[in-house]
Amino acid sequence: MKKQVIQRTETIDLVNGKKVFFDYDGNLFSINREVPEYRHYNVPKDVEDVWKKTIINNLLEEVENSIGHEKTVKVTKLLAIYGHSNNIQLLEALLEDDTLDTFSKILYLEDLNREKLGVNISIKYKILKIEDPKSYITDLNDKILDYKSKLLNSPITIDESFKQNYALKYYDFSDENIIKRIENI
C-alpha cells in the first residue's frame, strides 16, 4: 500500500489581513485577542513589518501635528506598537517639549514609568539587550524624578481639549489634584 501524501496549501488573504491590521493600528496583542481569525489570513511577517512601518510613520506625523487630548490618543496608539527603546525616546522628547500642557506631560510621564517596568521585564528575560541594565534603569529612574521635579515646579496648564473630553467630564483638574497626581508618579 502506497502512502498518500497530503499537501496542505495555506492561502494568504492580504486584503482582509491588511484591513484588520490597519483597523487595530498594527497592535498584534489586540488583533489576536479581538480577531482570532486573523491568524488564518497567513500574513507573512515581512508584510506585517512593512504595514507596521507605515502605521508608525503615519502616527508619528499625526503626533507631530496634533495637540492636547488628540495627541495623547495618537501617542497611546504608537506606544502599543513601537517597542520599548523607541517608546522611551518618544516619551523623553515629548517631556522635553515646553509647548505641552502639564496634563499631557503627566500622561507621558506615567507612560514612561510604565515603559520602565516593561524594560525591566524585557531585560530579565533577555528580550532587550542592554550592556549595563542596572545603569540604564538607574538613569531612567533619575530622568523620571527630574521630569517629576520640573512638573512640580512649573505653572500648571491644562489643554482645553481634556476638559471638553467626555471621558474626563468629571475629572478634577484642580491644582491640588494635579499636584497630587504628579507626586504619585
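The following legends describe close-up views of a predicted model.

**View 1. Tyrosine 38 and tyrosine 41 as an aromatic pair.** The model contains 9 aromatic pairs. One of them joins tyrosine 38 to tyrosine 41 in an edge-to-face arrangement, with 6.1 Å from centre to centre and 85° between the planes. The angle is over 60 degrees, and therefore the pair is classed as edge-to-face rather than tilted or stacked. Tyrosine 38 has a relative accessible area of 4% and is therefore buried. Tyrosine 41, at 16% relative accessibility, also falls under the 20% limit and so counts as buried.

**View 2. Phenylalanine 103 and phenylalanine 162 across two helices.** The ring centres of phenylalanine 103 and phenylalanine 162 lie 4.9 Å apart and the planes meet at 70°, so this pair is edge-to-face. Phenylalanine 103 belongs to helix H6, whereas phenylalanine 162 belongs to helix H8 (residues 160-164), so the contact ties together parts that are 59 residues apart in sequence. Phenylalanine 103 is buried, at 2% relative accessibility. Phenylalanine 162 is buried as well, with a relative accessible area of 1%.

**View 3. An aromatic cluster that includes tyrosine 38 and tyrosine 41.** Five side chains are shown here: Phe21, Phe22, Tyr38, Tyr41 and Trp51 form one aromatic cluster. Within this cluster, Tyr38 and Tyr41 are the edge-to-face partners of View 1.

**View 4. The salt bridge between arginine 33 and glutamate 34.** The count of salt bridges in the model comes to 10. In one of these, glutamate 34 is joined to arginine 33, and the closest N and O atoms are 2.9 Å apart. Both partners are partly exposed: glutamate 34 has a relative accessibility of 44%, and arginine 33 has a relative accessible area of 49%. The value for arginine 33 is not over 50%, so this residue is not classed as exposed.

**View 5. The salt bridge between lysine 45 and aspartate 49 in helix H3.** Lysine 45 forms a salt bridge with aspartate 49, and the closest N and O atoms are 2.8 Å apart. The two residues are 4 positions apart in helix H3 (residues 45-64), and so about one helical turn separates lysine 45 from aspartate 49. Lysine 45 counts as exposed, at 56% relative accessibility, while aspartate 49 is partly exposed, with a relative accessible area of 30%.

**View 6. The salt bridge between glutamate 160 and lysine 163 in helix H8.** Lysine 163 forms a salt bridge with glutamate 160, and here the closest N and O atoms are 3.7 Å apart. This distance is within the 4 Å cut-off, and therefore the contact counts as a salt bridge. Lysine 163 and glutamate 160 are 3 residues apart in helix H8, so the separation is about one helical turn. Lysine 163 is partly exposed, at 39% relative accessibility, as is glutamate 160, with a relative accessible area of 44%. Helix H8 also carries phenylalanine 162, the partner of phenylalanine 103 in View 2.

**View 7. A patch of negative charge on the surface.** Glu131, Asp132, Asp139 and Asp142 gather in this patch. Aspartate 132 is placed in the loop between helix H6 (102-124) and helix H7 (133-152). At 41% relative accessibility, aspartate 132 counts as partly exposed. Patch residues need over 30% relative accessible area, a condition that aspartate 132 therefore meets.

Key:
Residues are numbered from 1 along each chain as its sequence is written. This is a predicted model: local features need pLDDT of at least 70, side-chain atom pairs count only at pLDDT 80 or more; totals for chains, interfaces and linings use all residues. Side-chain values use heavy atoms; hydrogens and water are left out. Patches are made of residues with over 30% relative accessible area and no salt bridge: like charges are joined within 9 Å, nonpolar side chains (Val, Leu, Ile, Met, Phe, Trp, Tyr) within 5 Å. Accessible areas come from the Shrake-Rupley method with a 1.4 Å probe; for residues, only the protein chains shown count as cover. A salt bridge is a side-chain nitrogen of Lys or Arg within 4 Å of a carboxyl oxygen of Asp or Glu. Lys and Arg count as positive and Asp and Glu as negative; His and the chain ends are not counted. The place of a charge is taken as NZ of Lys, CZ of Arg, CG of Asp or CD of Glu. Buried means under 20% relative accessible area, exposed over 50%, partly exposed in between (1.4 Å probe, protein chains only). Rings of Phe, Tyr and Trp (its six-membered ring) pair if their centres lie within 6.5 Å; planes under 30 degrees apart count as stacked, over 60 as edge-to-face and the rest as tilted.
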